[in-house]
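Let's take a walk through this one together, looking at cysteines, charged pairs and a bit of surface. Have the model open and follow along.

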Amino acid sequence: MRIVVARLDEFPPGSRKVVEAGRRSIGVFRVGDRFYALNNHCPHMGGPLCVGHTKPWVVSTQPGEFAMRGEDALIACPWHGWEYELATGQSFLGPGEPPVRTYEVRLETADEPAEPKNGRMPGPYVAETFPVSVEDAYVVVDTSPRR
């Protein structure tokens, strides 16, 4: 299904729109000239993910100092603060936050372990994302199954 969200000129940078399509609720974000779309359902506990705050990555070179880097890239669920990357839907644990207990699993063809992104380890949840395009001055979300 393809959903027309808004006219491009009615969707300024830094804004978001939550659209309903049947039983689906999808948050569409404009960051600069890029668009992102996420399922408005937090995988952690089902909160309304897309009404949360968006922020850029926070980086730190030493204790007590930090800086924001780039444009908004993360969204935090308003219920419990789980953060997800807008582009991929991947959740992340903050510095110093302990992850859940893990156990070693061995596979004969094991993949490489998860790599930190901006100093943070990927978390256990991934929010559903959707491709967004601009067609004839309209912002359109495509919820068709991916191949």
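Here is a short tour, starting with the cysteines. Keep in mind that this is a predicted model.

Searching the whole structure turns up zero disulfides. Why does cysteine 42 not have one? Its closest cysteine sulfur belongs to cysteine 77 and sits 3.9 Å away, too far for a bond, because a disulfide needs the two sulfur atoms within 2.5 Å. Cysteine 77 is likewise in no disulfide. As for their surroundings, cysteine 42 is buried, at 1% relative accessible area, and cysteine 77 is buried too, at 5%.

Now for the charges. Side chains of opposite charge can pair when their charged atoms come close. The count here is five salt bridges. One of them joins arginine 24 to glutamate 128, with 3.8 Å between the closest N and O atoms. This pair ties together distant parts of the chain, 104 residues apart: arginine 24 lies in strand β3, while glutamate 128 lies in the loop between β9 and β10. Arginine 24 is partly exposed at 29%, and glutamate 128 is partly exposed at 35%.

Another bridge pairs arginine 30 with aspartate 33, N to O at 3.1 Å. Is each partner buried or exposed? Arginine 30 is buried, at 12% relative accessibility, whereas aspartate 33 is exposed, at 64%.

Last stop, the surface. Val58, Phe66 and Met68 make up a nonpolar patch there, with about 320 Å² of accessible area together. Phenylalanine 66 belongs to strand β6 and is exposed, at 61% relative accessibility.

Note on methods:
Residues numbered from 1 in each chain as written. Predicted model: local features only at pLDDT ≥ 70, side-chain atom pairs only at ≥ 80, totals over all residues. Heavy atoms only, no water. Buried < 20%, exposed > 50% of the residue type's maximum accessible area, 1.4 Å probe, protein only. Patch = residues over 30% accessible without salt bridge, like charges linked within 9 Å, V, L, I, M, F, W, Y side chains within 5 Å. Areas by Shrake-Rupley, 256 points an atom, 1.4 Å probe, with all protein chains shown as cover. Salt bridge = Lys/Arg side-chain N within 4 Å of Asp/Glu carboxyl O. Helix = DSSP H or I, 4+ residues; strand = E, 2+ residues; numbered from the N terminus.
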